[in-house]
Amino acid sequence: MGVQIVDTGSYVPETVRTNLQMQEICPDCDPEWIEQRTGIRERRIVGANESTCDLAVAAAQQVMAKAGVYAKDIDLLIVGTFTPDYHCPSTACLVQDRLGLDAPAFDISAACSGFMYAVTTGAQYVATGNAKMALVIGADSNSRIVDQKDRTIAPLFGDGAGAVLLSAGTLQQGFKSYHLASDGSGAGMLDRPCGGSKNPITAEGIASRQHYLQMDGRNVFKWAVRTVVESIEVVLESAQLSVHDVSLFALHQANQRIIDSVADKLNVSRDRFYNNVHKYGNTSAASIPLVLDEANSEGKIDRGDTILMCGFGAGLTWGTSLFVW
Ligand code: COA
């Protein structure tokens, strides 16, 4: 059975933090350096009383309203996030309650690949007839887990959410191929050492900032470019398609230089990649559905188009797919 993306929705918090405002919080942050090295000009930041659940609910409400889908119609909810409201319960359960769904609900934790893992999982339920209407959300409040005084990480990340509704489609629609992967040997390249069962939160852990995200930026960069190119080649080969068959490249928005390097290595014109990293920074699991929703709203996606989606991040995890809209 084919699977279709019925519609898309998204939400970003109201507060904009420009590179100049970033420098007010983190004096070592050079606004021009940030834009030159990452392409990021500003990012959105959750309000004092907002959390990942609020972002997810707002994105979900938007896609439901656009698609004319009611709570009673949804029989599966998956939330990709690595900044849940709580360690327990899952954010998906909080979202389920707020939306009034009568559906199983669970989180998927795959960091910046969270949406790729979630949307491919949701599609399995729909393709096997085990769900009629799956709501898949990617949502992250990265500003809550990033040390705003750390110039090597703080300017890169922002907050947001994106959502899609999946239902049965025509035989031509859905995933032509996908490739999900993991490599835990690289766990230390991007991690939050303190706050889990291994190293519960202690005063020492907080004093040494170990409860915040830590990153080996330079090696993550090199790994990302290499891995994304390889993964795209895998999905193209397995679908027996070429880059010319792709209507739109929707890559995880971590750094404009990563995306441009991937485009150059694939010999694809950079303007075939949809980018919004300049407005939102890296929103982790939200970034691909934010791209999909913006491109869709701007009329840049038509039924029958082949969309290449690719997420990559902590774990290490990555996931790439060719999806016929
Ligand atoms: N403002 C000013 N200077 C900064 C800075 C900032 N915000 N952040 C770092 N610098 C400095 C560094 O301290 C370094 O100074 P030094 O040469 O005196 O040591 C210099 O700029 C160059 O740093 P470097 O780390 O080599 O820069 P880079 O070109 O590798 O860019 C990243 C750094 C983090 C932007 C880049 O490595 C990157 O994007 N990595 C991938 C990160 C990512 O996407 N992670 C998420 C994956 S899902």
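Contact here means heavy atoms within 4.5 Å. The model shown in every view is predicted.

**View 1. Contacts of Phe312.** Neighbours within four places in sequence are left aside. Phe312 then contacts Cys112, Ser113, Trp223, Ala224 and Val228. His252, Ala254, Ile258, Thr317 and Trp318 are also in contact with Phe312.

**View 2. The largest nonpolar core.** This core has 31 residues. Leu251, Val262, Leu308 and Phe312 touch the most other members. Two or more residues come from each of α7, β11 (248-251), α8, β12 and β13 (317-324). Helix α7 gives the largest share, eleven residues. Another core lies apart from this one and has 30 residues. Its members include Ala110, Met116, Ala123 and Ala131.

**View 3. The shell around the ligand.** The ligand has 25 residues around it. Arg37, Arg151, Gly217, Arg218 and Asn255 come nearest. By class, the shell holds twelve nonpolar, seven polar and six charged residues. At least two shell residues come from each of α2 (31-38), α7 (217-239), α8 (256-266) and β12 (306-313). Elements α7, α8 and β12 also give two or more residues each to the largest nonpolar core.

**View 4. Polar atoms at the ligand.** Asp30 places a backbone N or O atom 3.1 Å from a ligand nitrogen atom. Trp33 has a polar side-chain atom 3.1 Å from an oxygen atom of the ligand. For Arg37, a polar side-chain atom lies 2.6 Å from a ligand oxygen atom. The ligand taken alone exposes 970 Å², and the protein buries 75% of that.

Notes:
Residues numbered from 1 in each chain as written. Predicted model: local features only at pLDDT ≥ 70, side-chain atom pairs only at ≥ 80, totals over all residues. Heavy atoms only, no water. Near = heavy atom within 4 Å. Polar contact = N/O pair within 3.5 Å; in protein donor to acceptor, adjacent residues only side chain to side chain. Areas by Shrake-Rupley, 256 points an atom, 1.4 Å probe, with all protein chains shown as cover. Helix = DSSP H or I, 4+ residues; strand = E, 2+ residues; numbered from the N terminus. Nonpolar A, V, L, I, M, F, W, Y, C, P; charged D, E, K, R; others polar. Core = buried A, V, L, I, M, F, W, Y, C linked by side-chain atoms within 4.5 Å. Buried < 20%, exposed > 50% of the residue type's maximum accessible area, 1.4 Å probe, protein only.
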